[in-house]
Amino acid sequence: MQSNNIPDWLTEKDDYIPKSDKSKFIDKSTKQILSALSRFRKNGYIAKAKRCNTALRLFGVLLAVVLTALAKNFYFVFFMLAVATVLLAVSDSHTIKNVLKVLVPAEIISVLILLPGALMGNPHSLMSITARVFVSVSLVMRFNLTTPFNQITSALKSYRVPDIIIFVFDLTIQYISILSQICFEMLTALKVRSIGRNPKKSKAVSGILGTTFIKAKECAQTTQQAMECRGFDGTFAKNKKSKFSKYDLTYLAALIILIGVFIYFQAVIQ
């Protein structure tokens, strides 16, 4: 009877030790995706208590930005600069941190663009435009960080914005979060399955982007089918009108004062 012997190569001990590898590309990409996901998730849990009407707040922010841009008198710009600084100062640390992440680069770019003109004898434009940029960016970013996306959509409907624009805005917000989660899972899988030294990890981004595109196409088709089954005709219903609260009245009074200050500085102080 012939015996089956185990081959020698099966009895040898495997001492394979993979070489150390760097994964800065994966770690940096994962960090950026997690940062984007955290913004959307935190925005979804913004408290609604003690908040005035979102449509009124949106109107106030746009009014302040437009008046600041139209102001010919620099005193009004200084006034709005003080208001924006106070509003930013009374915000929570998370809001201040995220506003500064956008505000500081915007100010630096404005200074770099306007610096040659200031050195050639026109420093007024540098001060004026940087102050307007500060006011506009801080007010818009603060509104964005303190208002849930669904309330912004409802506010757009209050101003009779076409449904197709609201629809695109709403789907974009939803799919950024979904597709970011898909990218995060694929990057995690790539990092877990990477064994040994692989200097070409950055080439995997093409595969991740391609897979994400396919997933986006599948999600679009699924969403279309779900809308057809549920009878969605592209019309967004407007929420029932809510009564003006004391916060709404206070905000409305502040807007009236803002318009009065603008008229005073433009017409009285030359």
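Colleague: Which residues in α6 meet those in α3?

Modeller: This is a predicted model: local features need pLDDT of at least 70, side-chain atom pairs count only at pLDDT 80 or more, and totals for chains, interfaces and linings use all residues. Residues are numbered from 1 along each chain as its sequence is written, and side-chain values use heavy atoms, without hydrogens or water. From α3, the partners are Thr-54, Arg-57, Leu-58, Val-61, Ala-64, Val-65, Thr-68, Ala-69 and Leu-70. In contact (heavy atoms within 4.5 Å) with them, α6 offers Arg-132, Val-135, Ser-136, Leu-139, Val-140 and Phe-143.

Colleague: Are α3 and α6 roughly parallel or antiparallel?

Modeller: Both are helices (DSSP runs of H or I, at least four residues, numbered from the N terminus). Their axes, lines fitted to C-alpha atoms over the stretch in contact, come within 9 Å and cross at roughly 170°. Angles over 145 degrees count as roughly antiparallel, under 35 as roughly parallel. So α3 and α6 are roughly antiparallel.

Colleague: How is α3 set against α10?

Modeller: Helix α10 covers residues 246-267. Its axis and that of α3 lie 11 Å apart, at an angle of about 10°. That makes the pair roughly parallel.

Colleague: Which residues of α10 make the contact with α3?

Modeller: On the α3 side stand Leu-56, Arg-57, Phe-59, Gly-60, Val-61, Leu-63, Ala-64, Leu-67 and Leu-70. On the α10 side they meet Asp-248, Tyr-251, Leu-252, Leu-255, Leu-258, Ile-259, Phe-262 and Gln-266.

Colleague: Is Ser-128 buried or exposed?

Modeller: Ser-128 sits in α6, residues 123-145. Beyond neighbours within four places in sequence, Ser-128 touches Phe-74 and Val-77. Its relative accessible area is 8%. Under 20% counts as buried and over 50% as exposed (1.4 Å probe, protein chains only), so Ser-128 is buried.

Colleague: How many residues of α7 are buried?

Modeller: Helix α7 spans residues 149-158. The buried ones are Phe-149, Gln-151, Ile-152, Thr-153, Ala-155, Leu-156 and Lys-157. Out of 10 residues, the buried number is seven.

Colleague: Which residue with a positive phi follows α7?

Modeller: Look just past the end of α7. The phi there is near 60°. The residue is Arg-160.

Colleague: Where in α5 does the kink lie?

Modeller: Helix α5 has 27 residues, 93-119. A bend is the angle between axes fitted to the seven residues ending at a position and the seven starting there. In α5 the kink is about 40° and comes shortly before the proline Pro-116. The kink lies at Ile-113.

Notes. Helix = DSSP H or I, 4+ residues; strand = E, 2+ residues; numbered from the N terminus. Axes fitted to C-alpha atoms, helices over the stretch in contact; angles between N-to-C directions. Parallel < 35°, antiparallel > 145°, perpendicular 65-115°, else oblique. Expected span 1.5 Å × (residues − 1).
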